Every structure is written in C-alpha cells, then in structure tokens.
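Trainee: I have a model open and some labels to check. Could we go through the reasoning behind them?

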Amino acid sequence: MAEVSYYTKEGLEKLKEELQKLKTTGRSDISKQIAEARDKGDLSENAEYDAAKEAQGLHEAKIAQMSETLANARLLDESKLDMSKVLALSIVKIKNVKSGATMSYQLVSESEADMKSGKISVTSPIAKGLLGKSVGEVTEITVPAGKIEFEILEISR
C-alpha cells in the first residue's frame, strides 16, 4: 500500500504541473527520438533505437510513480492545524543549546524538501525529533554528527 504524503497548495500544484509536462512534452520528445533512430535503418543493430526505447521505459516508470504519488497526496488545510505543537508545514525556529546558533526550518513532504530555502522533510532526523514538541521544549536529536540538543523558540505557519 502506498504511503500518504501531505503537501502545501503550492507543492501539490508543482507536482501536478510536473506530471502534466512529463505526459505531454516528455512523451513527445521521446517519440521523436525513437522515430529518428528508427529512420536510421536496421533496428537489430541500432544502439540509438535501443537507448531511446530504454529512455521511454524509464520515462513511463517515472510517470507511473508520480501518478501514484499524486493519487496518495493530501492537501493540508493550514487553518485547522494546531499552532501550539510542531506539525507538518510548521515553520520552526530552533536554537542549538550547546552552540547558541539559531536556525529556522519549515517541515514539508519529502518531495518538497529544499535545504537552500529552509524546507526540510518531515522524515529527516531533525524533523522527526521536533514533531509534536511545543515552544520552550528542549529535545535531543540524533543526527549523523551525534546527539544535539535543540530548544524550540517559535512555531508559526
């Protein structure tokens, strides 16, 4: 059974657009590549044709995977979420207790995660350690570098 993923409105729209692009432009491009390779002669010894057919298979597999992801995607209604605890889509400001460094992350689905823009996956070690916690709580999170204590300073949406 497929896993349900929760998305922001913009993340869900981006997923739908990407799937539509794969189904239209992507399929069209691969069809052209196959046609060009077929025009080059004997298919039994045509490496270009074999490569184009393999690319088509990979492309169709990606479409199938994205279709399944979209079928199991759920849109989160941010207005109904509890603001007192860290949940998916929360923007959390935390402080490393030892170093005093502060950072802010938004907890999003795995496919929306983008460290450069401060979005981390809810399945990451830091997010798992923060989920369900409230402002003022200190939590010890095991990360690849070892155990780090974080204090939750602020939760917003």
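Trainee: What makes Leu89 count as buried or exposed?

Mentor: Its relative accessibility decides. This is a predicted model, by the way. Leu89 has 2% relative accessibility. Buried means under 20%. Leu89 is under that cut-off, so Leu89 counts as buried.

Trainee: Where does Leu89 lie?

Mentor: In a loop. Strand E2 (73-75) comes before that loop, and strand E3 (91-96) follows. The backbone of Leu89 deserves a look too. Its phi is positive, about 80 degrees, although Leu89 is not a glycine.

Trainee: Now Pro144. Why is Pro144 called buried or exposed?

Mentor: Use the other cut-off. Exposed means over 50%. Pro144 has 84% relative accessibility, so Pro144 counts as exposed. Pro144 also sits in a loop, the one between strand E6 (138-143) and strand E7 (146-156).

Trainee: How far is Pro144 from Lys98, C-alpha to C-alpha?

Mentor: The separation is 17 Å. Along the chain, these two residues are 46 residues apart.

Trainee: On to helix H2. How do you know what span to expect for H2?

Mentor: Count residues. Helix H2 covers residues 47-71, which is 25 residues. The expected span is 1.5 Å times one less than that number. For H2 the expectation is 36 Å, and first C-alpha to last C-alpha reaches 36 Å. The span of H2 is close to the expected one.

Trainee: Which residues of H2 are buried?

Mentor: Tyr49, Ala52, His59, Ile63 and Met66. Helix H1 (9-38) is part of what covers the buried residues of H2.

Trainee: Why would residues three or four places apart point the same way?

Mentor: An α-helix has 3.6 residues a turn, so residues at that spacing face the same way.

Trainee: Step back to the chain. What elements does the chain have?

Mentor: Three helices and seven strands. From the N terminus, the order is β-α-α-β-β-β-β-α-β-β.

Trainee: What makes the chain compact or spread out, set against the globule rule?

Mentor: Compare two values. The radius of gyration is 22 Å. The globule rule gives 15 Å for 157 residues. The chain is well over the rule, so the chain is more spread out than a compact globule. The C-alpha atoms fill a box of roughly 70 × 35 × 30 Å along the principal axes.

Trainee: How many of the 157 residues are buried, as a percentage?

Mentor: Buried residues make up 31%. The accessible surface comes to about 9,900 Å². Carbon and sulfur atoms hold 51% of that surface.

Terms used
Residues are numbered from 1 along each chain as its sequence is written. This is a predicted model: local features need pLDDT of at least 70, side-chain atom pairs count only at pLDDT 80 or more; totals for chains, interfaces and linings use all residues. Side-chain values use heavy atoms; hydrogens and water are left out. Helices (H or I, at least four residues) and strands (E, at least two) are DSSP runs, numbered from the N terminus. The radius of gyration is taken over C-alpha atoms; the globule rule is 2.2 Å times the number of residues to the power 0.38. Buried means under 20% relative accessible area, exposed over 50%, partly exposed in between (1.4 Å probe, protein chains only). Accessible areas come from the Shrake-Rupley method with a 1.4 Å probe; for residues, only the protein chains shown count as cover. Contact means heavy atoms within 4.5 Å.
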